[in-house]
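Colleague: Please take me through one part of this model in close detail, the surroundings of a single buried acidic side chain and the aromatic rings by it. Start with how far the prediction can be trusted.

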Amino acid sequence: MSETGKPDGIPPADQLEAIPFGGVGPAIDFANLSKEMSIQQQVPKLKVAVKNYLSARMAEAMTQSGGVSAQEAKFRCSQLQLMARHSLKAMNAAAPPAEGGGEVGESWRQATSAEGAKTADLFGKHLIDAPEFAPAVEEALKLVVAGAASTATKDSDTEEALLFFKRFAATANDDPEELRDVCWSDDWQGALRRRTLKREEAAKQRVADEASGAGGGINQVRNFVEEMNEM
């Protein structure tokens, strides 16, 4: 027994940062492990943020003015949903850099080395901010679209998918569409609800003038977003 009252052989707390469990095997760096866990605990996750972004974009498509028919708006929503699926698949398929990237890069490498791991389910805004992430996703996105699109639509779908991802990623920083609160804030559910209610009011106003207007638009948006939960 030591003078501090602790059993002999137990190191002080400031020396517990990197010790092997049971005295065998590689050392566990608790300081870095804590940082990696913090990175992965960030919410909302990428998958949730993409769905939030999709919901806002679809609500806009279903309630926009300018003579767009309900049929055209629904087709646009279908395309948005497809681009969101492509983006999520590309995020999960994107390969982290072999080295570098700091704490986020190391956490990304370790997380994706596990079988069945999905990047979009594990990480939040930290990864969007990593400079290596967007280029890796864009390369993966080209392959995802090439494997899913027909020859006739491959080029246009690739351009649209890349634009969707870039606009989504921009919400984390420049936010030209003013959707940061919807995608990334702690109160993203409230932000999305307020934005949707605002669009619903706009839709109701249009329905007064258009018998086939956007009255069913918000429900269509909700149905599409529910389908995203199955991904």
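Modeller: Confidence in this predicted model peaks in helix α7, residues 133-148, at a mean of 93. The lowest mean, 42, falls in strand β2, residues 28-29. Residues 16-36 stay under 50 in pLDDT. For that stretch the model has 23 contacts beyond four places in sequence. I would leave those contacts aside here. Over the protein chain the mean pLDDT is 76. Of its residues, 67% reach 70 or more.

Now the frame. The protein chain has 231 residues, and 39% of them count as buried. Its secondary structure comes to 11 helices and 2 strands. Along the sequence the two strands come before the helices: β-β-α-α-α-α-α-α-α-α-α-α-α. Take the contacts with a separation of 6 or more: 65% of them join residues 24 or more positions apart. The accessible surface is about 13000 Å², with 51% of it belonging to carbon and sulfur atoms.

The part you asked for centres on Glu177. This residue sits in the loop between α8 (154-170) and α9 (180-184). Glu177 has a relative accessible area of 19%, so it counts as buried, the cut-off being under 20%. Which residues does Glu177 touch, leaving aside its neighbours within four places in sequence? They are Tyr53, Arg57, Arg167 and Arg195. With one of these, Arg167, the side chain of Glu177 makes a side-chain polar contact at 2.5 Å. Glu177 and Arg167 are 10 residues apart along the chain, and their C-alpha atoms are separated by 8.2 Å.

Tyr53, another of the contacts of Glu177, leads to the rings. The whole structure holds 4 aromatic pairs. One of them joins Tyr53 and Phe164, edge-to-face, at 5.3 Å centre to centre with 70 degrees between the planes. This pair links distant parts of the chain: Tyr53 belongs to helix α2 (residues 46-63), Phe164 to helix α8, and their positions lie 111 residues apart in the count. Tyr53 is buried because its relative accessible area is 0%. Phe164 is buried too, at 3%.

A further pair is formed by Trp108 and Phe133. It is edge-to-face as well, with 5.4 Å from centre to centre and 70 degrees between the planes. Trp108 comes from helix α4 (residues 102-112) and Phe133 from helix α7, 25 residues apart, so to speak of distant parts of the chain is fair here also. Both residues are buried. Helix α7 is the element with the highest confidence.

Back to Tyr53. Ring pairs link it with Phe164, Phe168 and Trp184 into a cluster. Glu177 is thus in contact with one member of that cluster, Tyr53.

Last, the cysteines. Cys77 is buried, at 0% relative accessibility. Cys183 is buried as well, with a relative accessible area of 0%. How many disulfides does a search of the whole structure find? The number is 0.

To sum up the part itself: Glu177 lies in the loop between α8 and α9. Its side chain makes a polar contact with the side chain of Arg167. It also contacts Tyr53, and ring pairs place Tyr53 in a cluster with Phe164, Phe168 and Trp184.

Technical notes. Residues numbered from 1 in each chain as written. Predicted model: local features only at pLDDT ≥ 70, side-chain atom pairs only at ≥ 80, totals over all residues. Heavy atoms only, no water. Helix = DSSP H or I, 4+ residues; strand = E, 2+ residues; numbered from the N terminus. Buried < 20%, exposed > 50% of the residue type's maximum accessible area, 1.4 Å probe, protein only. Contact = heavy atoms within 4.5 Å. Areas by Shrake-Rupley, 256 points an atom, 1.4 Å probe, with all protein chains shown as cover. Disulfide = S-S within 2.5 Å. pLDDT = per-residue confidence, 0-100. Polar contact = N/O pair within 3.5 Å; in protein donor to acceptor, adjacent residues only side chain to side chain. Phe/Tyr/Trp six-rings, centres within 6.5 Å; stacked < 30°, edge-to-face > 60°.
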